[in-house]
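Subject: Structure handover

Hello,

Here is the structure I promised to pass on. Please open it beside this email. My notes follow.

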Amino acid sequence: MGRAFEFRKARKFKRWGQMAKTFTKIGKDIVIAVKAGGADPTGNSRLRAIIQNAKAVNMPKDNVERAIKRAISKDQEDYKEIVYEGYALHGIAILVETTTDNINRTVANIRSSFTKCGGSLGTQGMLDFIFTRKSAFKIASKPEIDLEELEFELIDLGGDEVFLDTETNQINIYGEFTAFGAIQKYLEEKGYELLGADFERIPNETKELTDEQVADVEKLIERLEEDDDVQNVYHNMG
């Protein structure tokens with residue numbers, strides 16, 4: 001159980017608590033994936049993975065199909081994926097992934113959130129030394145799966161961590177950012193039950209805070225996550 005597991009276990013705030021917010025996020029992911037690789041999941045591995053994510057959160061099939069149709073419509077504006085970086089109170093690094101059709105609106109809202117919660121918005125790339133971007137997969141745990149053997153098989157493909165999350169009884173797999181396609185292909189071809197596939201930013205080390213300090217940082221995180229343009233918020237709080 002490596003640092004990725006510890007990081008995920010250490011998060012004390014609720015992510016994507018509202019189902020509508022989750023569906024909106026996945027809908028945007030679908031639009032971006034379709035515009036980049038086409039509307040056929042068979043030939044678009046990223047779209048295939050996102051559709052699997054939609055199933056995992058019980059997103060209705062109609063919602064998925066509407067998002068695909070919207071993506072191929074001439075009326076659909078292109079979304080821009082922009083990352084904002086800054087610091088919350090107590091020196092906690094905050095990285096915000098956004099998907100937007102109005103950059104001016106998004107940056108104004110993100111800056112306002114940082115300012116009102118005592119933080120400061122910085123420049124792109126300033127947190128590169130703090131976070132490492134990883135491919136992340138979840139598969140169903142079954143008695144016949146040997147974790148050590150699976151990890152060994154994935155090493156050559158760019159995988160670097162395989163472990164069982166005992167709370168969810170799911171197997172989590174982490175690999176290099178560039179290995180997403182290769183790992184996804186391997187898992188699909190070997191018949192593993194893929195429950196989720198995405199990218200995550202893992203802090204190289206975390207910073208411990210008191211309960212009061214954690215509450216200060218959570219105010220900013222929660223405010224950011226309420227923004228419709230925000231897809232993910234990452235931090236290095238232990």
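Two strands count as paired if DSSP finds at least two bridges between them. Keep that in mind for the sheet below. One caution: this is a predicted model.

**The sheet**

Strand 5 (159-165) and strand 6 (170-176) pair in the antiparallel sense, over 6 bridges. Take F163 as a way in. Its bridge partner is N172, in strand 6.

The pair belongs to an open sheet of 4 strands, in the order 5-6-4-7. The pairing is antiparallel. Strand 5 and strand 7 (194-203) are the edge strands, and each pairs on one side only. From one strand to the next, the twist averages 25 degrees. As general background, strands of a sheet pair through backbone hydrogen bonds, either parallel or antiparallel.

**Helices across the sheet**

Two helices to look at here. Helix 6 (residues 147-155) lies across strand 4 (131-140), strand 5 and strand 6. It runs at about 155 degrees to strand 5. Helix 7 (residues 180-189) lies across strand 4, strand 5, strand 6 and strand 7. Its angle to strand 4 is about 10 degrees.

**Helix 3**

Helix 3 covers residues 45-56. Does its length agree or disagree with the expected span? It has 12 residues, so at 1.5 Å a residue it should span 16 Å. The end C-alpha atoms are 17 Å apart, which agrees.

Which residues of helix 3 are buried? They are L47, A49, I50, I51, N53 and A54. What covers them includes helix 2 (19-37), helix 4 (61-72), helix 7 and strand 7. So helix 7 appears twice in these notes: it lies across the sheet strands, and it is part of the cover over helix 3.

**Positive phi**

Most residues other than glycine have a negative phi. Here are some that do not follow that pattern.

- N58 comes just after helix 3 and takes a positive phi of about 60 degrees.
- H90 has a positive phi, near 65 degrees. It sits in the loop between strand 1 (80-87) and strand 2 (93-100).
- N169 has a positive phi of about 55 degrees, although it is not a glycine. Its loop lies between strand 5 and strand 6.

Are the two loop residues buried, exposed or in between? H90 counts as partly exposed because its relative accessibility is 30%. N169 also counts as partly exposed, at 44%. The partly exposed range lies between under 20% for buried and over 50% for exposed.

Best wishes

Technical notes
Residues are numbered from 1 along each chain as its sequence is written. This is a predicted model: local features need pLDDT of at least 70, side-chain atom pairs count only at pLDDT 80 or more; totals for chains, interfaces and linings use all residues. Side-chain values use heavy atoms; hydrogens and water are left out. Buried means under 20% relative accessible area, exposed over 50%, partly exposed in between (1.4 Å probe, protein chains only). Axes are lines fitted to C-alpha atoms, for helices over the stretch in contact, and angles run from 0 to 180 degrees between N-to-C directions. Contact means heavy atoms within 4.5 Å. The expected span of a helix is 1.5 Å times one less than its number of residues.
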